[in-house]
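I sat down with this one and kept short notes as I went. Here they are, in the order I looked things up.

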Amino acid sequence: MATPHLLASAAIGRGLQRRPLLAVATAFAFHFVLDATPHLDSNDLFGSPAGFTGLEVGIAIVDFVLACVLIGLLIRGRAWWKMALWGAFSGIVLDLVDTIPPVGPWFVAWRGTAWLNRLHHGIQPDVPSDQLLLGFGTQAVVIAVSAWFLLRRDRDQEK
Ligand SMILES: [Zn+2]
């Protein structure tokens with residue numbers, strides 16, 4: 001799911017707003033942490049070994065769009081909104097370049113990036129698709145904690 005990735009890395013962007021490079025690097029690295037956490041994706045539930053299915057892609061797009069709307073609402077009018085967006089982008093970019101054509105197939109195949117793709121998919125635990133509590137519970141916690149962090153009031157030095 002894109003929502004936990006986007007929200008958590010937006011929160012990282014806020015938390016490290018004074019160190020932009022560190023924020024971007026941490027958000028990118030945190031993608032791997034979340035992927036290594038047990039979770040279920042639309043790919044696990046509706047995907048097929050033969051390639052993308054319509055339902056899988058549709059749900060992935062709805063997930064992504066809803067996450068963007070939610071982030072927009074959470075960061076609107078905040079002083080650090082740009083860093084939150086940079087964080088969110090850094091935290092999701094790997095899933096985007098990995099899948100979306102025309103970059104996706106190239107990213108997966110080219111030697112310079114194929115290792116990153118293998119690493120990215122190698123760390124994801126296999127959660128059986130009927131383990132919904134495990135598959136979505138971890139993501140619900142990440143979403144809740146990240147939203148709480150983004151909603152926190154600014155301390156004075158953040159303004
Ligand atoms: Zn990923």
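First entry, secondary structure. I am working from a predicted model. I counted eight helices and zero strands in the protein. Reading from the N terminus, I wrote the order down as α-α-α-α-α-α-α-α.

Second entry, overall dimensions. I asked what radius of gyration the protein has. I found 16 Å, and since a compact globule with 159 residues would come out near 15 Å, the value agrees with that expectation. Along the principal axes, I noted that the C-alpha trace spans about 55 × 35 × 25 Å.

Third entry, packing. I looked up how many of the 159 residues count as buried, and the share is 26%. Then I turned to contacts between residues at least 6 apart in sequence: 74% of these join residues at least 24 apart.

Fourth entry, one residue at closer range. I picked Ile59, and I located it in helix α4, which covers residues 54-75. Is Ile59 buried or exposed? Neither label fits: I counted 17 other C-beta atoms within 10 Å, and because a buried residue needs 20 or more while an exposed one has 12 or fewer, Ile59 is partly exposed.

Fifth entry, the surroundings of Ile59. Which residues does Ile59 contact, once its neighbours within four places in sequence are left aside? I got Ser42 and Phe46. I also checked Ile59 against Gln17, which is 42 residues away along the chain. Their C-alpha atoms are separated by 31 Å.

Definitions and conventions:
Residues numbered from 1 in each chain as written. Predicted model: local features only at pLDDT ≥ 70, side-chain atom pairs only at ≥ 80, totals over all residues. Helix = DSSP H or I, 4+ residues; strand = E, 2+ residues; numbered from the N terminus. Rg over C-alpha atoms; globule rule 2.2 N^0.38 Å. Contact = placed C-beta atoms within 7 Å.
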